[in-house]
2 protein chains.
Amino acid sequence: MSVTIKDVARRAGVSPSTVSRVLSNHPRISAATARKVREIMEEMGYHPNLMAKSLVSKTTKSICVILPKPAEELFLNLFFMELIRGIVAQAARSGYDVLISSGANESEEVEAVARLVNGRRVDGAVLLYSRKDDPVVEFLQERKFPFVLVGRSERHPDILSVDTDNVQAAYDAARHLISLGHERIGFVGGPPNMVVSIDRMEGYRRALEEAGLPFRRDWVVEGEFLQDSGYRAMSLLMNLPERPSGMLVVDDFVTFGVIRGLNELGYKIPGDLSIVSFNNLALAELSSPPISSVDIGIYHLGYTASQTLIRWIEASPEERTPVRHIIPHRLIVRESSLYAPGGKA
Amino acid sequence: MSVTIKDVARRAGVSPSTVSRVLSNHPRISAATARKVREIMEEMGYHPNLMAKSLVSKTTKSICVILPKPAEELFLNLFFMELIRGIVAQAARSGYDVLISSGANESEEVEAVARLVNGRRVDGAVLLYSRKDDPVVEFLQERKFPFVLVGRSERHPDILSVDTDNVQAAYDAARHLISLGHERIGFVGGPPNMVVSIDRMEGYRRALEEAGLPFRRDWVVEGEFLQDSGYRAMSLLMNLPERPSGMLVVDDFVTFGVIRGLNELGYKIPGDLSIVSFNNLALAELSSPPISSVDIGIYHLGYTASQTLIRWIEASPEERTPVRHIIPHRLIVRESSLYAPGGKA
DNA sequence: ACAAGTTGTGCAAACGTTTTAACAATGACA
DNA sequence: TGTCATTGTTAAAACGTTTGCACAACTTGT
């Protein structure tokens, strides 16, 4: 049907091998032949069949990204999309295509990635935010299949990964509240099986400890990455006899819930409660009041993940050495944490 | 390296063709052979090489989705992600993989899709929200390459597409405001070269006309899909000598800007101004006040797009008939449009 | 017991590339 | 003038499948 390398060869009066060599800029092709062949390719509208190429080269020039289960946690969409954009942009620069895969649950996720890996359809995989023991990680690890983790694996520290220093990020955020004069600081976390939740909680703890402030279990609420989580957390916290004056909240979406809860209860932000959040999604800026949030460079995270993975894929086995990239974060201070406790400026 | 159909054949004492037939459930394979071959496949960990398969079948079992230029319009991320989820979910059900592609600008977009199409790397494409003349549409149309448009093409009405009836949606939204008693209704639109903007404006116009209300050019502001757009629109509108009491806003993100603007100017919603928005992104619910918004079933849109495309791909040429699917929309009324003009309940 | 179908399997070509090894032609060197 | 290296090209095998055709071995029906 469509024009192949043989057609071009015939028309140019050379062998298919020669055409192939022209395509790959082989050094031992005469300038004259090269020019002629290229002309004919143009004229005939030739485009190499990537499948055939893949078959012989055993390489697909594509990577996949595994989307964690969607379901309720729609909120992460903003995060993922930004990440994917980074990944796609970098991959395109390196001449790679990106496949998106997902599953309705963990075992479907493994199935989906297994299909791609076993079918040799991709050369590598990007895994997004992993839980503590991720079956996909296990699977790929065992197969020795190239992959990079956006996030961190507790169990496998010696893995290709790109991450935020969440401990430090939370530490910085807490320090910010402390430096404003807050002494009663609470924390609204995410799912306790996610590394990101654990790390942010740890940074929070350290900052308190270092400042000699109390780490109170009743000021720490774990939940999900949902706004409802934030809402419920507030109902709980604000009913305590002794309440925090500052809060760290694990994600901007959750913060939305927190703010809604506080509004309903009649509290003012930042007057009655100062809030610092994480991720700096578009929402943080849009909120009223705008939310102080730690920007973790999501696009950059994706971009670097893709780059790291592709470098690994293209490196010879002996050059391959597991590396962990930390993408710098930056606290963006907005209205939600402008005042000292009690509403003083 | 990895185990092929030949290895399995040898071990099972049959020919490769037989193994291949077992794989495809050919009717003329004896139950005994089939069982045996399957056993061996399992035992040896055989998985078919999809590239080789593609090469001979001239089919890749994958589709691509073309992401419009990213840049500033990050806000659309929520929209796209939801759409992609729908597409990926359906594609997976049909055994298809999904490639994401994008370009920094229009010509790069064409290049990106050309690479995939020319390289026979995908069997079809999903195009997201198109401008009035989309070069990618032209390209695919000319190549007779299967694709489905999420949205509508003015120039090519006879195209496979999945869409919202945006005229009707805007009409419904306007009717809602009218039924609340509003007689001065304004409109904040999107980029004037996007079909969606045009259609929503048209629905707005029709509802006004039908109700005998004035369509005033100075109450219509066109802009971009950015919150700043909404913010600026408000500065303009609220400085007019005669101001609208109700607004239709083309997207929830823009509405965020509108609300921020109104807040700063000291207006109350819905007391001073009632607002109805479109798309019902997660934000609409999170906003304070929560925004009335027309839910257009984005996931469903993606799901149907994928389904439509794949059906087309798998149909024989004579069965192929361009179809235009309209996904139903639904106005979700929230606080932002609870009152009649002047704040009466 | 024979023709005609049916059932199960194998051979070999095809899909569109890349790549190794071989070879012819040319030029350089002594 | 013969050897040797260099340069440009090709033939053919390989990558891992699918599939049309042929064929043998059974079933049927008569």
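In chain B, the residue that comes closest to the rotation axis is B:L99, with its C-alpha at 2.2 Å. This is a predicted model, where local features need pLDDT of at least 70 and side-chain atom pairs count only at pLDDT 80 or more. Residues are numbered from 1 along each chain as its sequence is written, and chains are lettered from A in the order in which they are written.

**How the two copies relate**
- A turn of 180 degrees and a shift of 0.0 Å along the axis lay chain B on chain A with an RMSD of 0.1 Å (a least-squares fit on C-alpha atoms of residues with pLDDT of at least 70 in both).
- The two copies are thus related as by a two-fold rotation axis.
- Both copies use the same surface: 100% of the contact residues of chain B recur in chain A (contact means heavy atoms within 4.5 Å).

**A closer look at B:S62**
- B:S62 sits in strand 1 (residues 62–67) of chain B (strands are DSSP runs of E, at least two residues, numbered from the N terminus).
- B:S62 is buried, with a relative accessible area of 1% (buried means under 20%, using a 1.4 Å probe and protein chains only).
- The side chains of B:S62 and A:R121 are joined by a polar contact of 2.8 Å (a pair of N or O atoms within 3.5 Å, one able to donate a hydrogen and the other to accept it).
- Not counting residues up to four places away in sequence, B:S62 also touches residues of its own chain, including B:Y96, B:L99 and B:D123.

Methods: Heavy atoms only, no water. Helix = DSSP H or I, 4+ residues; strand = E, 2+ residues; numbered from the N terminus. Buried < 20%, exposed > 50% of the residue type's maximum accessible area, 1.4 Å probe, protein only.
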